[in-house]
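Open the model in your viewer and keep the sequence panel in sight. The stops below say what to select and what is there.

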Amino acid sequence: MSKKLSIGEGDVLVVVDVQNDFCPGGLLAVPGGDAVVPLVNRLAEQFPHVVLTQDWHPPGHLSFASMHPGRRPYETITASYGPQVLWPDHCVQGSPGAAFRSDLDIPRAELIIRKGFRREIDSYSAFYENDHATPTGLTGYLRQRGLARVFLAGLALDFCVRYSAEDAHRDGFAVIVIEDACRGIDVDDSVTAARHSLAALETAVVTSDAVM
Ligand SMILES: [Zn+2]
């Protein structure tokens, strides 16, 4: 059980990539990904502000293993900006897999950040693309709206949630990961690596009972 936190006007819940392709039956399914949806729906009701993110790739995106002859999904290549894991084709713009889960029910969400739309660069984080330099605009949006504490939930813990937490911390936001509202893909122990990274950042990791 986590210590109860009081949620106020400066808090925002960022719901990461709760899309069909990241859930069972999707093209890049995160085990148990669909199980977070009812919890995320209830969490969203506790927050004055909610932002959704949506992985949103053009066809032929650099992160797709299918674009690299001889390479297979989950191998790592060296992209111009550093290591890049290759994935099955997923979340292609306008495809059913890129849509939010139909049971995701957060009509109050104030912003949808789409990311990964540049063909030559992937974007795990809600804040910066994988070069750690190209902004998505979310930092500016949150700052201008006076939102200082970022709560994270969604998919996947060890990639998009992890990198979002790291970037939010780097940009000076207080960051809290709601761990039971996330699920991991776990490529080469990436869940363990994510836990270590979050612990090193002094990012708070809580369970949903801390906010409900
Ligand atoms: Zn992607």
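**Stop 1: the zinc site**

Select the donor residues of the zinc ion, which are spaced D-x1-H-x32-H in sequence. They are D55 (OD), H57 (NE2) and H90 (NE2), at 1.9 to 2.1 Å from the ion. Donors here are N, O and S atoms within 2.8 Å of the metal (3.2 Å for Na, K and Ca); water is not among the atoms, so sites may look incomplete. D55 and H90 link distant parts of the chain: D55 is in strand β2 (residues 50–55) and H90 in the loop between β4 and β5, 35 residues apart. Helices (H or I, at least four residues) and strands (E, at least two) are DSSP runs, numbered from the N terminus.

This is a predicted model, in which local features need pLDDT of at least 70 and side-chain atom pairs count only at pLDDT 80 or more, while totals for chains, interfaces and linings use all residues. Residues are numbered from 1 along each chain as its sequence is written, and side-chain values use heavy atoms, with hydrogens and water left out.

**Stop 2: H90 and its surroundings**

Now select H90 alone, in the loop between β4 (82–85) and β5 (111–115). Is H90 buried or exposed? H90 is buried, because its relative accessible area is 3%; buried means under 20% relative accessible area, exposed over 50%, and partly exposed in between (1.4 Å probe, protein chains only). D55 is buried as well.

Show the side chains of H90 and H57: they make a polar contact at 3.1 Å. A polar contact is a pair of N or O atoms within 3.5 Å; within protein, one must be able to donate a hydrogen and the other to accept it, and residues adjacent in sequence count only if both atoms are side-chain atoms. Leaving aside neighbours within four places in sequence, the residues in contact with H90 include D21, F22, L27, L28, S63 and F64. Contact means heavy atoms within 4.5 Å.

**Stop 3: strand β2**

From D55, extend the selection to the whole of β2, where six of six residues are buried. V50, L52 and Q54 point one way from the strand, and V51, T53 and D55 the other way.

Next, add the strands that pair with β2. Strand β1 (residues 11–16) and β2 are parallel, with four bridges; V16 has T53 as its bridge partner in β2. β2 and β5 also run parallel, joined by five bridges, and V51 stands opposite L111 in β5. Two strands pair if DSSP finds at least two bridges between them.

**Stop 4: helix α1 and the loop before it**

Select α1 (residues 36–44) together with β1 and β2: they make a right-handed β-α-β unit. A crossover is right-handed if, with the strands pointing away from the viewer, the path from the first strand over the helix to the second runs clockwise. Seven of the nine residues of α1 are buried, among them V36, V37, L39 and V40. β1, β2, β6 and β7 are included in what covers the buried residues of α1.

P24 is in the loop between β1 and α1. P24 counts as partly exposed because its relative accessible area is 45%. P24 and D34 are ten residues apart in sequence and 6.7 Å apart in space, C-alpha to C-alpha.

**Stop 5: the nonpolar core**

Which residues touch the most other members of the largest nonpolar core? Select L13, F127 and L152, which do so among its 63 residues. A nonpolar core is a set of buried Ala, Val, Leu, Ile, Met, Phe, Trp, Tyr and Cys residues joined through side-chain atoms within 4.5 Å. Not counting residues up to four places away in sequence, F127 touches residues including L138, L142, V150, A168 and F173.

**Stop 6: backbone details**

Go to L155 and A156, which are joined by a cis peptide bond with omega about -15 degrees. A156 is in the loop between β6 and α3.

Finish at two residues other than glycine with positive phi. Phi of Y74 is near 80 degrees; Y74 is in the loop between β2 and β3 (76–79). Phi of D188 is near 50 degrees, and D188 is in the loop between β7 and α4. D188 is exposed, because its relative accessible area is 71%.
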